[in-house]
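Work through the following exercises with the sequence and the coordinates open, and check each step of the solutions against the atoms.

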Amino acid sequence: MTTIEQSPLADLDAAVHLLRGGILTTERPADDSEVVASVGPLPASRLGSAAFRERHGVRYAYQSGAMAGGIASADLVVAMARAGFLASFGAAGLTPDVIEQALLRFAREIPGLPFACNLISSPSEPALEQGAVEMFLRHEVRCVEASAFVMLSPNIVRYRVAGLSRGPDGEVMAANRVIAKVSRPEVAARFLAPPPESIVAELVRAGLVTAEQAELAQFVPVADDITAEADSGGHTDRRPLPVLLPIIIRQRDAAAGQYEIRVGVGAAGGIGTPESVAGAFAMGADYVVTGSINQACVEAGTSPAVRLALAAAGLADFQMAPAADMFELGAEIQVLRRNTMFPMRAKRLYELYRRYDGVEAIPDDERIKLEGEIFRQPLENVWREVTEYFSRRDPSQLERAAKDPKRRMALLFRWYLGMASRWASTGDENRRLDYQVWCGPAVAGFNEWAGSTFLKDPGRRKVAEVALHLMKGAAFNVRATQLRLAGGSIRDEFEWTYCPTDSDRQ
């Protein structure tokens, strides 16, 4: 493949001219009749919405999304913030002390630089969601990425409203920013609207927001930005991005003019190549969000075994499986299928959950298989671990389980689903066949594109470099498209290709 240095299109700060004979050059010839078409400079920092960049204090309209359990690690957040990108810390599933340590680190190492924290909807464990919001408010976290919400909870509304105040000219100021990740128009509508009055009134009565903040709430939407999440890793409805994104953009545009701020709309799901980034911006996205591809980067909070597996993943290596945090509801997540039996085993547990009213109702032969093949220990031992865990985290779960055998079975089965992601993150060799790796097909696209570059090696994938080359490659592709649309063709077709080399490393 022709390298990036061999194409004048790679000089993003210079105009490029296509001459007769299919020659590309940054030098404009004296004879203008030789010029077939020209494109102006397009630095990667100009892609997307200037309002998004200003609102979040970043150089690029690019966000690395949250990957729960600290996979979107503190290391990742620090690296992205220092490089001018927005990153969301994967706080979901972490204990409060671990989250707090990360927030203290951000205050020390990237003071004043932007970052977000994930706030995941937890209808089965509302105390966790409430505790996360209280910590974010206490540490003055100014941006959260709200994910998996179907309905607005009092906690996300509290976070938003608690940051409202009046500016010096009487304008409404929203110190706490919300980026809502959605895959359905009806959910987007809730984030595009003001906080529900009934929830706000309850927050006032509880003393969690002031009367003035409640009054100001009617003048702002719940979210500053809405990410249209298409076919992605983890929680996903697997919507096609070319269908979902325009719908959410039109929905946003229909609501425009109601507020002083213009809600941004981002694109997520399937973003893993320069072409997909350029395509998202061409469809009108204000920013792009990557997730799965970042998990294979060195800063991700996962194991070398997972990085290697992700770097080898092809387009057919992904599958849906039951989700731990919404197990009882039948929600599914997209995971890696390659070299793991997790999807099959997780689906078996959900089938048993639907069929029986409790563990005691499971036939003996089936229980023996569960203990021998999936749990690898007696269920009584598993329950002791579950009891210890929820005694610290959320004792109300144990109170409910004591009254409901089916609830007790759900907590037992969720033990396996929760541990499977931990075994993957820690690289537990004894549990390699049970690895749960949240990811989507964007990884396959990235692997194919990066296959002839230094990024092929997962040991050389740094999250900020990946982001930078995707944005540079997108700008490169935009300019190449403009020349093509002008009717241009070039002598060496390889010059249409963005291919970073070692000399481009940061």
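The expected span of a helix is 1.5 Å times one less than its number of residues, where helices (H or I, at least four residues) and strands (E, at least two) are DSSP runs numbered from the N terminus. This is a predicted model, in which local features need pLDDT of at least 70, side-chain atom pairs count only at pLDDT 80 or more, and totals for chains, interfaces and linings use all residues. Residues are numbered from 1 along each chain as its sequence is written, and side-chain values use heavy atoms, with hydrogens and water left out.

**Exercise 1.** Compare the span of helix 4 with its expected value, and find which face is buried (under 20% relative accessible area, 1.4 Å probe, protein chains only).

*Solution.* Helix 4 covers residues 126-138, and its 13 residues should span 18 Å at 1.5 Å a residue, which agrees with the 18 Å between its end C-alpha atoms. Next, the buried residues of helix 4 are E129, A132, V133, M135 and F136. Seen down the axis, they fall within an arc of 160 degrees (taken from the directions from the helix axis to the C-beta atoms), so they line one face of the helix. Their cover includes helix 3 (96-109), strand 6 (116-120), strand 7 (143-147) and helix 5 (154-161), where contact means heavy atoms within 4.5 Å.

**Exercise 2.** Trace the strand order of the barrel and one pairing in it.

*Solution.* Eight strands form a closed barrel in the order 4-5-6-7-10-11-13-14, with parallel pairing (two strands pair if DSSP finds at least two bridges between them). Within this order, strand 5 (residues 86-89) pairs with strand 6 in the parallel sense over two bridges, and F89 has C117 in strand 6 as its bridge partner.

Methods
Buried < 20%, exposed > 50% of the residue type's maximum accessible area, 1.4 Å probe, protein only.
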